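Trainee: Could you walk me through how the labels on this model are earned? I'd like to see each value set against its cut-off.

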Amino acid sequence: PRLRERVGTATGATDLTNALFHRTMLAINMGAYAEAERFAEEGFALAQSRFGEKDPVRVASSVALVQAYRHTRKFDLALVAGERLYREATAVYGLAAPNQRMNEARNGYARALADTGEVSRGIAMLESSLADTRALLGPKNRDVGFTRQNIAAYRVDVGELQLAHADMAEALEILGSFL
């Protein structure tokens, strides 16, 4: 049976929510942001209706929703979704040990904060996310470079040019090795 026909089962709901997560990320990577938003909203609605607040599937759907809203430049919606995501991810994973999904939640919320004017708070959260990314994936992973690049851009916004320069130099060193 088709995936949507199996949504009545827990496995079917999980499978469809996960498929919508991956479809959202693919659409974002392809630059199809409106499509990504539709998939993310559908996945989040399904996750909200089928899973409790302390469910990893629901957290993943929220990660996709925050990213989609940021890419469609709906920053206020991204902030609301990001705060909820961070709260729910903390309830599921805690803050003690690095966890990839928790790190995605922190990163999404941090960027939503920075995008809506709370730049210093966003930078501080991104720095925390960066430390966990290094611990999880290694110091020269592409995600480390991308996070450092994001921090540099936000530092420019608040006039921290010397720090932004150092951040960008590290980002270029890491990301340049992947070219």
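Here is a short back-and-forth on salt bridges, burial and a charge over a ring.

Mentor: Ground rules: this is a predicted model, where local features need pLDDT of at least 70, side-chain atom pairs count only at pLDDT 80 or more, and totals for chains, interfaces and linings use all residues. Residues are numbered from 1 along each chain as its sequence is written, and side-chain values use heavy atoms, with hydrogens and water left out.

Trainee: Why is the contact between Glu88 and Arg58 called a salt bridge?

Mentor: The cut-off is a side-chain nitrogen of Lys or Arg within 4 Å of a carboxyl oxygen of Asp or Glu. Glu88 and Arg58 have N to O at 3.1 Å, so the pair counts.

Trainee: What makes that pair tie together parts of the chain?

Mentor: Glu88 lies in helix α4 (residues 75-93) and Arg58 in helix α3, so the parts joined are 30 residues apart in sequence. Helices here are DSSP runs (H or I, at least four residues), numbered from the N terminus.

Trainee: How do you know whether Arg148 is buried or exposed?

Mentor: Buried means under 20% relative accessible area, exposed over 50%, partly exposed in between (1.4 Å probe, protein chains only). Arg148 has 7%, so it counts as buried.

Trainee: And Glu127, its salt-bridge partner at 3.2 Å?

Mentor: Glu127 has 25%, so it is partly exposed.

Trainee: Why is Arg101 said to sit over the ring of Phe21?

Mentor: The rule wants NZ of Lys or CZ of Arg within 6 Å of the ring centre and within 35 degrees of the ring normal. The charged end of Arg101 is 4.9 Å from the centre of the Phe21 ring, so the distance part of the rule is met.

Key:
Helices (H or I, at least four residues) and strands (E, at least two) are DSSP runs, numbered from the N terminus.
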